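Subject: Structure handover

Hello,

Here is the structure for you to look over. My notes on it follow below.

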Amino acid sequence: MKKILIHLLFIALVTGLGALIGIANVPGGWYQSLAKPPFNPPNWIFGPVWTALYVLIGIAGARTWLAAPASACMQMWFGQMALNFLWTPAFFGAESTALGLAVILPLLLSIVAFIRMSWKPDRLSAILFLPYLAWVGFATLLNLSLFLLN
């Protein structure tokens, strides 16, 4: 029962904080006015994708917490979460593609580091981060394209 509660807590905190940050930093006229690359996805896709990713991130966080709450792997999980939650205010809140890049590049590296660190002790947590890595890799390319086009 304790494991289920910890998993639910991690999922609720990650998705809840992600939603609150998104609501507080809604893309507005600034984002709409940017020149966008042809591979820019429609706005409606971001909510469902991030919700699914946050569930996977929460599960990986709970698994890491249950295995070793004071480990370097857990610290990396919290670090990447801080960068994840910082990107939206940096990009949309500050209306800065450059600041977004300054946050998303270390975020991408921290996701890779978490995958590498958790691969041997908890391969499932590492695998749960692979869709997240793919999406943030795509988001990095999109952020860079927006920076270069504008």
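Gln 75 is found in helix α4. In this predicted model, Gln 75 has a relative accessible area of 54%. That is over the 50% cut-off, so Gln 75 counts as exposed. A long-range distance goes with this residue. The C-alpha atoms of Gln 75 and Gly 137 are 21 Å apart, with their positions 62 residues apart along the chain.

Next, the pocket.

The largest pocket holds about 730 Å³ of space. Its lining is made of 32 residues. Those closest to the centre are Phe 46, Trp 50, Trp 87, Thr 88 and Phe 92. Six helices each give two or more residues to the lining: α1, α2 (29-33), α3, α4 (72-93), α5 and α7 (130-149). Which of them gives the largest share? That is α7, with seven residues. What classes of residue make up the lining? There are 21 nonpolar residues and eleven polar ones. Charged residues are absent from the lining of this pocket.

Now the salt bridge.

How many salt bridges does a search of the whole structure find? It finds one. The partners are Arg 63 and Asp 122, whose side chains meet at 2.7 Å, N to O. Arg 63 sits in helix α3 (residues 46-67), and Asp 122 sits in the loop between α5 (97-118) and α6 (123-128), so the bridge ties together parts that are 59 residues apart in sequence. The two partners fall in separate accessibility classes. Arg 63 is partly exposed, at 28% relative accessible area. Asp 122 has 11% relative accessibility and counts as buried, because the cut-off for buried is under 20%.

Helix α1 comes up several times.

This helix covers residues 2-24. Leu 8 has its place there. Leu 8 also belongs to a nonpolar surface patch, together with Met 1, Ile 4 and Leu 5. The patch has an area of about 470 Å². Ile 6 is in α1 as well. Is Ile 6 buried or exposed? Ile 6 is buried, with a relative accessible area of 13%. Its C-alpha atom lies 41 Å from that of Pro 37, and the two residues are 31 apart along the chain. Gly 18 is another residue of α1. At 14% relative accessibility, Gly 18 counts as buried. From Gly 18 to Thr 64, the C-alpha separation is 20 Å, across 46 residues of chain.

One backbone angle deserves a look.

Most residues other than glycine have a negative phi. Glu 95 has a positive phi, near 50°. Where is Glu 95 found? It is in the loop between α4 and α5. Glu 95 is partly exposed, with a relative accessible area of 45%. That value lies between the 20% and 50% cut-offs.

Last, α6.

Ile 127 lies in this helix. With a relative accessible area of 39%, Ile 127 is partly exposed. The C-alpha atoms of Ile 127 and Ile 115 are separated by 7.5 Å. Along the chain, these two residues are twelve apart.

To recap the main points. The largest pocket has about 730 Å³ of space, and no charged residue lines it. The one salt bridge found joins Arg 63 to Asp 122. The nonpolar patch is made by Met 1, Ile 4, Leu 5 and Leu 8. Glu 95 carries the positive phi described above.

Best wishes

Technical notes
Residues numbered from 1 in each chain as written. Predicted model: local features only at pLDDT ≥ 70, side-chain atom pairs only at ≥ 80, totals over all residues. Heavy atoms only, no water. Patch = residues over 30% accessible without salt bridge, like charges linked within 9 Å, V, L, I, M, F, W, Y side chains within 5 Å. Areas by Shrake-Rupley, 256 points an atom, 1.4 Å probe, with all protein chains shown as cover. Salt bridge = Lys/Arg side-chain N within 4 Å of Asp/Glu carboxyl O. Helix = DSSP H or I, 4+ residues; strand = E, 2+ residues; numbered from the N terminus. Buried < 20%, exposed > 50% of the residue type's maximum accessible area, 1.4 Å probe, protein only. 1 Å grid on protein atoms, 1.4 Å probe; cavity = no way out; pocket = protein on both sides within 12 Å on 5 of 7 lines; lining within 4 Å. Points joined across faces, edges and corners; volume = space filled by probe spheres on them. Nonpolar A, V, L, I, M, F, W, Y, C, P; charged D, E, K, R; others polar.
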